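Q: I'm new to this one. Can you walk me through it?
A: Sure. Here it is.

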Amino acid sequence: MKKIATGNKAVAEAVKQVQPTVVAAYPITPQTEIVEQIAEFVSTGELKSRYIPVESEHSAMAACIGASITGIRTFTATSSHGLLYMHEMTNWAAGARLPIVMANVNRSIGPGWNIWAEHTDAMQERDTGWLQVYVSTVQEAYDATLMAFRIAEHNDVLLPVMVNLDGFSLSHIMQPLDTVETGDFIPPMYLPHAIDPKNPKGYGGLTGPDQHFKFRWDIERSMRDSVKVIEATEKDFAKRFGRKYGFTDDYQCEDADVVVVSMGTLGKEAEVAIDTLRKEGIKAGSMRLRWLRPFPKLNLKGKDVVVIDRDYSFGFGGILAKSIQAQQKIDVYSVIAGLGGQEVTYEDIADFIRTRRIGEEFWFGVNDHV
Amino acid sequence: MTSITDIPKEEFILKCTSACAGCSDSLALRYVLKAAGPDSVLVVPACCTSVIQGIYPNTAFNIPVYNIAFGAAAACASGMSNAFRATGKKTNVIVYAGDGGTLDIGIQAMSGAFERGTDFLYICYDNEAYGNTGMQRSGGTPMGAKTTTTPTGKTDAKKDIDAIIAAHSPPYMATACAAYPQDLFRKVQKALTFRGPSFIHILAPCPPGWRFSTEKSVEMGKLAVKSGMWILYEREYGNLTINPQSKSAMKKPIPLEEYLAPQGRFKGIEAKTLEMLKQHLAKNIKKLLAEEAGE
């Protein structure tokens, strides 16, 4: 069904389609519209979930954990400080192998208080064992949320999935949305280690070094196995509903001499920059990274690479830039831009590409080349 | 009054737990589980019980145990209870948490779960310090008690968690003591008949933490009640009933020194602190008697 919606409403629409048994959530700007819409759907009976209005994000994730381990589907949504407040429990959710799905509306971290888009919140969760996908349009927010449940619950994965959408520049932007009837696209959830009083087991108790080590490896093995599950899910989604997704969204990369890599809404802006540069005769392309975890195998060899990071690891560098450098064994032009909701236009991105200095780092709007 | 013959023979705590000798946490839990029966799940935050259950892949508990982070037990149980009820299951969801996980780090999640009317039983077994990590002070440590972080004795009073719980108006709340297993058994059975949140606060004397010899755990619990330091009561929809064991003790309590003297943690307690403890104790007895009398 075609309609107009914000990124937040699109996520709530997807949740309504999937019908998780329990939703536990706490409000935070700019995610609030998701939980408000879910509460509305619950009140009208369109969504037959138990909605637990918890007193904190730490409790939101703890409640999802307690619910999920009984073998039922759960969902939550958060942003920024909320995500960091639940950090202990996000680790627990992954370690407990629970297919919880969470929408995170990317927002900067204080102080000072700043409610606008930045990826540092989710980036700080990158080592927890969660799968992470970053979206760029309202439609993609909807589609990725649907697929997240199937991927998380697949018995080769059984890890939680975080769907990331940029605060305000996507969460509050109205775009066309085509909702679908998922039918059997998402099979009923089966959790092999669900709690059953008839078969009593201990969960998460004391674990010695050898066993703990194996559990860690088990998470990594499933993370690796998730690659095939993601590919198969996106392929089936394209077949059923006609919209194609992949680990990256490539725009005119094939013959490009220079490729700009980014995540989220900046990736859409970058496509306009490519059109501008192509008119000038510059063979440029854009690669929008969709999945941060598992981190895909990229192929950027032989090209100049410009990486836009909407995040930073102090004392180290742009997290995306450093990840690409390490994986590709190449130098890149690392641009730090868009922090705290800083406006970055396609003209700016075109400039980053034109004036690139491979091997250097540039803080947009702060200073010259560092 | 529950007779000892009313208590099922079925054991949910098997042999070979890793509890310390004389542990009254595991003694209490034994009766909690007998009362709750097999269709129950324990939610356990970091506490002595996380250790007592044994090391993976073994468990000494013949009941599902979900271990969760220190401050998250009530929230986790809240999700679990909602999930069970949403799928038509009546399984008891029981939080079994220490005083640190209840009075300190877990208080926010617990307050939230009580406020939301979660259908669960929250049990705090109180050994009045962080026992699992080697007896550091907690909000449950009484004034004057030495712990590893209050080497000269705690200067602050024990937090009145029962008053905080009462402020949430749960349908049922009670105190209990590991030294009175029949009373505890009855209270757990009763608590589980209520829909919504219920709370039981169990005093669990701890030989290594309180520094008394291991065979005296039950005796210590009885001295706590007889001296009026621990009062056994229950509140049903806000109506207080003081249990008979405490009723008689409150009329003529034994001297507080009889309870404190066998415990190394109170050794060398200052006269001033002892006096404050006595005053607090007398005030508490008066307050509860007045409440029961409807004054």
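A: A term to start with: two strands pair if DSSP finds at least two bridges between them. Also keep in mind that this is a predicted model.

Q: Okay, so how many bridges link β6(A) and β7(A), and in which sense do they pair?
A: They pair in the parallel sense, over 4 bridges. Strand β6 covers residues 131-134 of chain A, and β7 covers residues 161-166.

Q: What is the bridge partner of A:Tyr134 in β7(A)?
A: A:Asn164.

Q: Which helix goes with β6(A) and β7(A) in a β-α-β unit?
A: Helix α7 of chain A, residues 138-153. The unit is right-handed.

Q: Which way do β6(A) and β13(A) run, parallel or antiparallel?
A: Antiparallel, with 2 bridges joining them. Strand β13 is residues 291-293 of chain A. Its A:Trp291 is the bridge partner of A:Val133.

Q: Back to the side chains of β6(A). Which ones point together?
A: A:Leu131 and A:Val133 point one way, and A:Gln132 and A:Tyr134 point the other. In a regular strand the side chains alternate between the two faces of the sheet.

Q: Are those four residues buried or exposed?
A: All are buried.

Q: New topic: helix α3(A). How many residues does it have?
A: It has 12, running from 57 to 68. From first C-alpha to last, α3(A) reaches 16 Å, close to the 16 Å expected at 1.5 Å a residue.

Q: And why is α3(A) called largely enclosed?
A: Because 12 of its 12 residues are buried. Among them are A:Glu57, A:His58, A:Cys64 and A:Ser68.

Q: What about the surface? Which residues form a nonpolar patch there?
A: A:Leu206, A:Phe215, B:Ile55 and B:Tyr56. Together they have about 340 Å² of accessible area.

Q: Where is B:Ile55?
A: B:Ile55 is in the loop between α2 (48-52) and β2 (65-67) of chain B.

Q: Why does B:Ile55 count as partly exposed?
A: Its relative accessibility is 48%. Partly exposed lies between the buried cut-off, under 20%, and the exposed one, over 50%, so B:Ile55 fits there.

Q: Last one, the open sheet. What's the strand order?
A: β9(A)-β2(B)-β1(B)-β3(B)-β4(B)-β6(B)-β5(B)-β7(B)-β8(B). That is 9 strands, with mixed pairing. The edge strands are β9 (202-203) of chain A and β8 (239-242) of chain B, and each pairs on one side only.

Q: How many bridges join β1(B) to β3(B)?
A: There are 4, and the two strands run parallel. B:Ser40 has B:Asn92 as its bridge partner in β3(B).

Technical notes: Residues are numbered from 1 along each chain as its sequence is written. Chains are lettered from A and ligands numbered from 1 in the order in which they are written. This is a predicted model: local features need pLDDT of at least 70, side-chain atom pairs count only at pLDDT 80 or more; totals for chains, interfaces and linings use all residues. Side-chain values use heavy atoms; hydrogens and water are left out. Buried means under 20% relative accessible area, exposed over 50%, partly exposed in between (1.4 Å probe, protein chains only). A crossover is right-handed if, with the strands pointing away from the viewer, the path from the first strand over the helix to the second runs clockwise. Patches are made of residues with over 30% relative accessible area and no salt bridge: like charges are joined within 9 Å, nonpolar side chains (Val, Leu, Ile, Met, Phe, Trp, Tyr) within 5 Å. Accessible areas come from the Shrake-Rupley method with a 1.4 Å probe; for residues, only the protein chains shown count as cover. A salt bridge is a side-chain nitrogen of Lys or Arg within 4 Å of a carboxyl oxygen of Asp or Glu. The expected span of a helix is 1.5 Å times one less than its number of residues.
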